Amino acid sequence: MTTLYNFTLTAQDGSSVALEKYKGKLVLIVNTATGCGLTPQYKGLQELYDAYQNKGFEILDIPCNQFKQQAPGSAEEINSFCSLNYGTTFPRFAKIKVNGKEADPLYQWMKEEKKGPFGKVIEWNFTKFLIDQEGNVVKRFSSKTEPEKMVSEIEKYL
């Protein structure tokens with residue numbers, strides 16, 4: 001059976017990160033962009049991280065430039081933007097594609113596990129997937145779902 005722990009992502013420095021590193025944690029995976037109307041969600045994501053990280057909650061920030069090229073910067077520019085404007089401290093990875101033939105295998109799997117309003121397509125930046133402590137996708141949130149609206153689901157799984 002496939003779980004989150006079968007996948008590897010590329011860190012911003014180019015190294016490989018086996019996602020089994022997050023075994024036993026509740027994980028929220030978000031495709032992000034720094035130039036999007038939804039970018040202020042970073043503030044709410046950081047608040048969730050601050051509130052729940054010590055209870056076994058992680059957020060994986062995965063920039064994606066597929067939606068109107070709203071994540072155009074380099075890894076350094078994205079990190080600087082997020083740190084200066086939102087004080088983010090959760091892990092951020094290298095940019096990936098979430099849709100199409102070149103979609104990252106992690107996203108192919110998550111979209112298959114929890115389809116959205118457009119089926120197996122990520123509709124926009126800041127689509128969120130909640131992964132339980134066994135590595136299973138348990139919930140998909142639309143890009144418009146504000147982080148504070150996810151508290152009850154997060155608490156349910158913690």
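1. Phe90 is buried in this predicted model, its relative accessibility being 4%. Its place is in the loop that joins helix H2 (75-86) to helix H3 (105-113). The partner ring considered here belongs to Tyr42, which is likewise assigned to the buried class because its relative accessibility is 0%.

2. The structure as a whole contains nine aromatic pairs. In the pair of Tyr42 and Phe90, the ring centres stand 6.4 Å apart and the planes meet at 15°, so the arrangement is stacked; the limit for stacking is under 30 degrees. Tyr42 belongs to helix H1 (residues 41-52) and Phe90 to a loop, so the contact ties together parts that are 48 residues apart in sequence.

3. A second pair has another geometry: the centres of Tyr52 and Phe57 are 6.3 Å apart with planes at 85°, so these rings are edge-to-face. Tyr52 is buried, at 8% relative accessibility. Phe57 is also buried, with a relative accessible area of 0%.

4. Ring pairs also build a cluster, whose members are Tyr42, Tyr49, Phe81, Tyr86, Phe90 and Phe126. The stacked rings of Tyr42 and Phe90 are thus to be viewed with the other members of this cluster.

5. Turning to charged side chains, the count of salt bridges is eight. Side chains of opposite charge can pair when their charged atoms come close. One of these pairs is Glu58 with Lys25, where the closest N and O atoms are 4.0 Å apart. Since the criterion is a separation within 4 Å, the quoted distance of this pair stands at the cut-off. Glu58 is in strand S4 (residues 57-63), while Lys25 occupies the loop between strand S2 (16-18) and strand S3 (26-32); the pair links distant parts of the chain, 33 residues apart. Glu58 is buried at 7% relative accessible area, whereas Lys25 is partly exposed at 28%.

6. Arg140 and Glu123 form another salt bridge, with an N to O distance of 3.2 Å. Arg140 is part of strand S6 (residues 137-141) and Glu123 of the loop between H3 and strand S5 (128-131), so this pair ties together parts that are 17 residues apart in sequence. Both Arg140 and Glu123 are buried.

7. A local case is found in helix H4 (residues 151-157), which holds both Lys156 and Glu153, three residues apart, or about one turn of the helix. Their side chains meet in a salt bridge at 3.6 Å, N to O. Lys156 is exposed, with a relative accessible area of 55%, but Glu153 counts as buried at 16%. Because the buried class covers values under 20%, Glu153 falls within it. Separately, Glu112, Lys115 and Lys120 are joined by salt bridges into a network.

8. Four strands form an open sheet in the order S4-S3-S5-S6, and their pairing is mixed. S4 and S6 are the edge strands, each of them pairing on one side only. With direction ignored, neighbouring strands are turned by 20° against each other on average. Both edge strands carry a residue of a salt bridge described above: Glu58 lies in S4 and Arg140 in S6.

9. Within the sheet, S3 and S5 are antiparallel and share four bridges. Val30 faces Lys128 of S5 across this part of the sheet. Strands of a sheet pair through backbone hydrogen bonds, either parallel or antiparallel.

10. The largest nonpolar core comprises 25 residues. Its members with the most contacts inside it are Leu4, Leu19, Ile29, Leu106, Tyr107, Met110 and Ile131. S3, S4, H3 and S5 are the elements that give two or more residues to this core, and H3 contributes the most, namely four residues. Three strands of the sheet in point 8 are therefore named among these contributors alongside a helix.

11. Which residues are in contact with Leu4, its neighbours within four places in sequence being left aside? They are Leu19, Val27, Ile29, Leu106, Trp109, Ile131 and Gly135. Apart from this core lies another, of 19 residues, which includes Leu26, Phe57, Phe141 and Met150. Phe57 thereby appears both in that core and in the edge-to-face pair with Tyr52.

Conventions: Residues are numbered from 1 along each chain as its sequence is written. This is a predicted model: local features need pLDDT of at least 70, side-chain atom pairs count only at pLDDT 80 or more; totals for chains, interfaces and linings use all residues. Side-chain values use heavy atoms; hydrogens and water are left out. Rings of Phe, Tyr and Trp (its six-membered ring) pair if their centres lie within 6.5 Å; planes under 30 degrees apart count as stacked, over 60 as edge-to-face and the rest as tilted. Buried means under 20% relative accessible area, exposed over 50%, partly exposed in between (1.4 Å probe, protein chains only). Two strands pair if DSSP finds at least two bridges between them. Axes are lines fitted to C-alpha atoms, for helices over the stretch in contact, and angles run from 0 to 180 degrees between N-to-C directions. A nonpolar core is a set of buried Ala, Val, Leu, Ile, Met, Phe, Trp, Tyr and Cys residues joined through side-chain atoms within 4.5 Å. Contact means heavy atoms within 4.5 Å.
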